[in-house]
Amino acid sequence: MDDLARARYAAESKTSADVYFLWFMLSPLGAHRLFLGKFSGLAQPVLLATGLYLVLRDEAGSFFGTFLIACGLLWVIVDLFLIPGMVREYNRRLERSLTRDQPG
């Protein structure tokens, strides 16, 4: 990797601390996944919001809404343990893309 690629890697790479901060502050919004370029982060708030909507309607969908909320919260908790691997994967993809763009 040349100096320019190293500088880009340093600027664009992610740290677990940054992602954990986003997880702690905005985990129901999926911000930690979106920060790492994972669009599955969009599904987390949709899942939780749909469940909350069904529970607040307090009709037959209340059980299903509670189930959706439980699944969304479980997903958020599981992400707590998956973050280091997701960060490593993101940084590896970044490094591969930067070395692939190298001339010669």
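**Figure 1. Helix α1 passes helix α5 in a right-handed crossing.** This close-up, like the others here, comes from a predicted model. The axes of α1 (residues 3-12) and α5 come within 10 Å, and they cross at roughly 155°. An angle over 145 degrees counts as roughly antiparallel, and α1 and α5 are therefore roughly antiparallel to each other. On the α1 side, look for Ala5, Arg8, Tyr9 and Glu12, which meet Tyr90, Asn91, Leu94, Glu95 and Leu98 of α5. Sorted by class, the residues of this α1 and α5 contact are five nonpolar, one polar and three charged.

**Figure 2. Helix α2 meets α5 in a right-handed crossing.** Here the axes of α2 and α5 come within 9 Å and cross at roughly 160°. That makes α2 and α5 roughly antiparallel to each other. To follow the contact, start with Ser16, Val19, Tyr20 and Trp23 of α2, then find their partners in α5: Val76, Asp79, Leu80, Ile83, Pro84 and Val87. Eight residues of the contact between α2 and α5 are nonpolar, one is polar and one is charged.

**Figure 3. Helix α4 passes α5 in a left-handed crossing.** The axes of α4 (residues 43-57) and α5 come within 7 Å, with a crossing angle of roughly 150°. Helices α4 and α5 are therefore roughly antiparallel to each other. From α4, the contact draws on Ala43, Gln44, Leu47, Leu48, Thr50, Gly51, Leu52, Leu54 and Val55. Facing them in α5 are Ser62, Phe64, Gly65, Thr66, Leu68, Ile69, Cys71, Gly72, Leu73, Trp75, Val76 and Asp79. This contact of α4 with α5 contains 13 nonpolar, seven polar and one charged residues.

**Figure 4. A closer look at Leu54 of helix α4 and Ser62 of helix α5.** Is Leu54 buried or exposed? With a relative accessible area of 17%, Leu54 falls under the 20% cut-off, so this residue is buried. Leu54 and Thr66 are twelve residues apart in sequence, and their C-alpha atoms are 8.0 Å apart in space. Which residues does Ser62 touch, leaving aside its neighbours within four places in sequence? Those contacts are Leu54 and Val55. Ser62 can also be placed relative to Leu52: the two are ten residues apart in sequence and 8.8 Å apart in space, C-alpha to C-alpha.

**Figure 5. The largest nonpolar core has eleven residues.** To trace this core along the chain, pick out Ala5, Val19, Trp23, Leu36, Val76, Ile83, Met86, Val87, Tyr90, Leu94 and Leu98. Which elements give two or more residues to this core? They are α2 (16-26) and α5 (62-100). Helix α5 gives the most, with seven residues.

**Figure 6. Leu36, a member of the largest nonpolar core, and its contacts.** Setting aside neighbours within four places in sequence, Leu36 is in contact with Lys14, Val19, Met86, Val87, Tyr90 and Arg93. Among these partners, Val19, Met86, Val87 and Tyr90 also appear in the list of core residues. Two of the names link back to earlier views: Val19 is one of the α2 residues that meet α5, and Tyr90 is one of the α5 residues in the contact with α1.

Notes. Residues numbered from 1 in each chain as written. Predicted model: local features only at pLDDT ≥ 70, side-chain atom pairs only at ≥ 80, totals over all residues. Heavy atoms only, no water. Core = buried A, V, L, I, M, F, W, Y, C linked by side-chain atoms within 4.5 Å. Buried < 20%, exposed > 50% of the residue type's maximum accessible area, 1.4 Å probe, protein only. Helix = DSSP H or I, 4+ residues; strand = E, 2+ residues; numbered from the N terminus. Contact = heavy atoms within 4.5 Å. Axes fitted to C-alpha atoms, helices over the stretch in contact; angles between N-to-C directions. Parallel < 35°, antiparallel > 145°, perpendicular 65-115°, else oblique. Left-handed = near helix turned anticlockwise from the far one by under 90°. Nonpolar A, V, L, I, M, F, W, Y, C, P; charged D, E, K, R; others polar.
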